[in-house]
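Q: Could you walk me through this structure, starting from its surface? I'm new to this, so please explain the terms as they come up.

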Amino acid sequence: MENLQNLELKLISGAYNKKADGVYIGDILSYALAKIKEGNIWVTSQINVNVVAIAFQKKAACVILADGLMLDDEAYKKAKEHNVNVFS
């Protein structure tokens with residue numbers, strides 16, 4: 001995740017502490033659930049608690065929220081609780 005430190009991303013939850021291996025870009029949650037592999041970076045514009053649940057379940061390296069979006073309050077709390085790395 002050291003390359004992420006070179007991008008102008010805001011850390012919302014977690015840390016730069018997981019090895020990233022691949023990227024999945026998409027907003028359809030059922031596709032994300034089927035396609036994300038462990039260690040993937042997930043780029044999405046979804047901001048709800050389901051994003052955190054999928055990232056946690058699939059062991060994604062992190063979630064990057066597109067266009068400077070922020071998680072909603074419930075998703076933010078769950079991301080902190082489950083140590084899911086989220087950037088915007």
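A: The protein chain exposes about 5,300 Å², and carbon and sulfur atoms supply 50% of that area; accessible areas here come from the Shrake-Rupley method with a 1.4 Å probe, and for residues only the protein chains shown count as cover. This is a predicted model, in which local features need pLDDT of at least 70 and side-chain atom pairs count only at pLDDT 80 or more, while totals for chains, interfaces and linings use all residues. Residues are numbered from 1 along each chain as its sequence is written, and side-chain values use heavy atoms, with hydrogens and water left out.

Q: Okay, and what share of the residues is buried?

A: Buried residues make up 35% of the 88 residues in the protein chain, where buried means under 20% relative accessible area, exposed means over 50%, and partly exposed lies in between, with a 1.4 Å probe and protein chains only.

Q: What about the radius of gyration, how does that compare with a compact globule?

A: With 88 residues, a compact globule would have a radius of gyration near 12 Å, and the protein chain has 11 Å, which agrees. The radius is taken over C-alpha atoms, and the globule rule is 2.2 Å times the number of residues to the power 0.38. Taken along the principal axes, the C-alpha atoms fill a box of roughly 30 × 25 × 25 Å.

Q: Which helices and strands does the chain have, and in what pattern?

A: There are three helices and five strands, and read along the sequence they follow the pattern β-β-α-β-α-β-α-β. Helices (H or I, at least four residues) and strands (E, at least two) are DSSP runs, numbered from the N terminus.

Q: And how are the strands ordered in the sheet?

A: The five strands form an open sheet in the order β1-β5-β4-β3-β2, with mixed pairing; two strands pair if DSSP finds at least two bridges between them. β1 (11–13) and β2 (23–25) stand at the edges, each with a single partner strand, so one side of each is left without a neighbour in the sheet.

Q: What holds paired strands together in general?

A: Strands of a sheet pair through backbone hydrogen bonds, either parallel or antiparallel. In this model β2 and strand β3 (residues 41–44) run parallel and are joined by three bridges, and the bridge partner of Y24 in β3 is W42. β3 and β4 also pair in the parallel sense, over four bridges, with L65 in β4 as the bridge partner of T44.

Q: Staying with β4, are its faces covered or open?

A: Both faces of β4 are covered, with C62 and I64 buried on one side and V63 and L65 buried on the other. In a regular strand the side chains alternate between the two faces of the sheet.

Q: Switching to the helices, what does A55 touch?

A: A55 is found in helix α2 and counts as buried at 3% relative accessibility. Not counting residues up to four places away in sequence, A55 touches W42, A60, V63 and V84, where contact means heavy atoms within 4.5 Å.

Q: And further out in the loops, is D27 buried or partly exposed?

A: D27 counts as partly exposed, at 34% relative accessibility, and its place is in the loop between β2 and α1 (29–35). With residues up to four places away in sequence left out, D27 touches T44, S45 and Q46.

Q: Which loop holds A61?

A: A61 is found in the loop between α2 and β4, and at 1% relative accessibility A61 counts as buried. A61 and D21 are 40 residues apart in sequence and 7.8 Å apart in space, C-alpha to C-alpha.

Q: Last topic: what sign does phi have in most residues?

A: Most residues other than glycine have a negative phi, and most peptide bonds are trans. K59, however, has a positive phi near 60°, and K59 lies in the loop between α2 (49–58) and β4 (62–65), where K59 is exposed with a relative accessible area of 52%. N83 also has a positive phi, of about 55°, although N83 is not a glycine; N83 is found in the loop between α3 (73–81) and β5 (86–87) and is partly exposed, with a relative accessible area of 41%.
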